[in-house]
Amino acid sequence: MADREAPPHGLRQAIALHDYTTWKVGGPAQWFAEPGSQDELIALAAWAVAEGLVFRCIGAGSNLLIADAGLEGLTLCNRRLQGSRLDGSEGWVEAEAGEPIPTLARKAARAGLHGLEWSVGIPGTVGGAVVMNAGAQGGCTAEWLHSVRVIDPARPEQPFTLGAEELDFAYRHSRLQQEPLLVLSALFRLEAGHDPTAITARTSGNLHSRTSTQPYQQPSCGSVFRNPEPNKAGQLIEALGLKGLSVGGAQVSTLHANFIVNTGGARAEEIDSLVRQVQEQVHRAHAIVLHPEVKRLGFRQPAWEPPGP
Ligand SMILES: Cc1cc2nc3c(=O)[nH]c(=O)nc-3n(C[C@H](O)[C@H](O)[C@H](O)COP(=O)(O)OP(=O)(O)OC[C@H]3O[C@@H](n4cnc5c(N)ncnc54)[C@H](O)[C@@H]3O)c2cc1C
């Protein structure tokens with residue numbers, strides 16, 4: 001490294017990623033940084049390209065299972081890339097990729113903007129919500145997103161805009177799950193002119209109904225599996241008596257069967273193994289394939305796929 005350009009400010013090595021995921025698991029990142037501005041993020045991405053390193057962005061790590069062995073290359077965490085601008089009269093809301101989506105929901109409610117009340121219980125960032133097309137209680141990101149500002153890792157210095165219609169949104173899916181584009185910010189068009197008190201009350205009510213029916217006090221990644229319509233993954237798992245099934249510190253929640261919780265000291269490998277066991281049992285009993293909604297990073301074993309018929 002001596003005769004190369006100095007690495008950008010804020011770059012660190014061998015950072016334990018269990019502090020950056022809501023499951024509280026994950027080994028070390030070879031290189032790690034938490035950029036505080038879009039310019040810093042772009043400089044870090046450009047450095048990784050120049051060094052020939054793989055890199056990826058994570059948000060709040062609330063939909064991620066990171067392997068115990070950790071991640072090679074550069075991991076950029078967007079948690080510090082926060083901020084938003086709300087136009088209470090027209091409904092335009094622009095948010096940085098690292099803005100927590102519950103924070104944005106509350107700001108929108110206070111401004112009398114309707115549209116994000118469903119998102120208050122989702123402990124992720126705006127960037128993660130766009131990539132995952134996060135949704136709850138009848139709403140989803142795709143419904144209210146206008147466009148995103150992104151960079152292509154091959155040309156990090158040239159950010160560009162993609163309209164929501166270009167993102168191939170579907171249930172918990174977007175084109176950004178296949179293409180390695182990094183989200184810098186997102187522009188939403190909400191509905192202006194509502195009563196802030198009513199929107200705030202609806203937002204708080206949504207949070208209460210979530211926290212009273214789901215295990216928010218234990219480390220988890222929310223729902224592990226997509227719902228195999230018309231069935232509900234949680235109901236299929238519960239009907240097989242799998243609540244409480246454990247592998248080491250990983251346990252199928254006794255409160256909500258589509259959650260796997262870390263009861264203390266779980267390893268990513270144990271969560272991975274429990275996911276496979278649940279998939280296999282549901283497939284054996286119902287011939288239904290449960291597809292995980294959670295993203296898996298850094299594993300050598302093949303992706304989660306249940307055995308064929
Ligand atoms: C208690 C709990 C409840 C939950 N409830 C819900 C729910 O009701 N509905 C729901 O949809 N989800 C839910 N989730 C899952 C999760 O919160 C969402 O998927 C959320 O949108 C993920 O955002 P994140 O910032 O944590 O993304 P991460 O988990 O950090 O990343 C998810 C994916 O997005 C990519 N990514 C993140 N940021 C960027 C960026 N800026 N640019 C490019 N790629 C990026 C990552 O590489 C990864 O592939 C829940 C999770 C928990 C822990």
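Two strands count as paired here if DSSP finds at least two bridges between them. Keep that cut-off handy for the exercises below, and remember that the model is predicted.

**Exercise 1.** Work out how β13 and strand β14 are joined, and what sort of sheet they belong to.

*Solution.* Start with the bridges: two of them join β13 to strand β14 (residues 250–252). The cut-off is at least two, so this counts as a pair. The two strands run antiparallel. For a concrete contact to click on, take Ser246, whose bridge partner in β14 is Gln251. Now step back to the sheet, which is open, has three strands and follows the order β13-β14-β15 with antiparallel pairing. β13 (246–247) and β15 (260–262) are at the edges with a single partner strand each, so each has one side without a neighbour in the sheet. Finally, look for what packs on this sheet: helix α7 (residues 268–286) touches β13, β14 and β15. The direction of α7 makes about 30 degrees with that of β14.

**Exercise 2.** Find the partner of β1, then decide whether β1 lies largely in the open or not.

*Solution.* β1 pairs with strand β2 (residues 28–33) in the antiparallel sense, over four bridges. One spot to check is Arg12, which has Phe32 as its bridge partner in β2. Next, count burial, where a buried residue needs 20 or more other C-beta atoms within 10 Å of its own. Strand β1 (residues 12–16) has five residues and the number buried is zero, so β1 lies largely in the open.

**Exercise 3.** Describe how domain 1 meets domain 3.

*Solution.* First get the bounds: domain 1 covers 12–77, domain 2 covers 84–211 and domain 3 covers 215–309. Over C-alpha atoms, the centres of domain 1 and domain 3 are 25 Å apart. Then go to the contacts, where 15 residues of domain 1 meet 18 residues of domain 3. On the domain 1 side, strand β4 (residues 64–66) gives the most, with three residues. Sorted by class, that side has eight nonpolar, five polar and two charged residues.

**Exercise 4.** Say which residues come nearest to the ligand and which element gives the most to the shell.

*Solution.* There are 32 residues around the ligand, and Gly59, Gly124, Gly127, Gly128 and Gly222 come nearest. Now turn to the elements: β3 (55–58), α3 (126–132), β8 (135–136) and β12 (182–189) each supply at least two shell residues. α3 gives the most, with five residues. Last, sort the shell by class, and you get 17 nonpolar, 13 polar and two charged residues.

Notes
Residues numbered from 1 in each chain as written. Predicted model: local features only at pLDDT ≥ 70, side-chain atom pairs only at ≥ 80, totals over all residues. Domains from an automatic or database assignment. Contact = placed C-beta atoms within 7 Å. Nonpolar A, V, L, I, M, F, W, Y, C, P; charged D, E, K, R; others polar. Buried ≥ 20, exposed ≤ 12 C-beta atoms within 10 Å, placed from the backbone. Near = placed C-beta within 6 Å. Axes fitted to C-alpha atoms, helices over the stretch in contact; angles between N-to-C directions.
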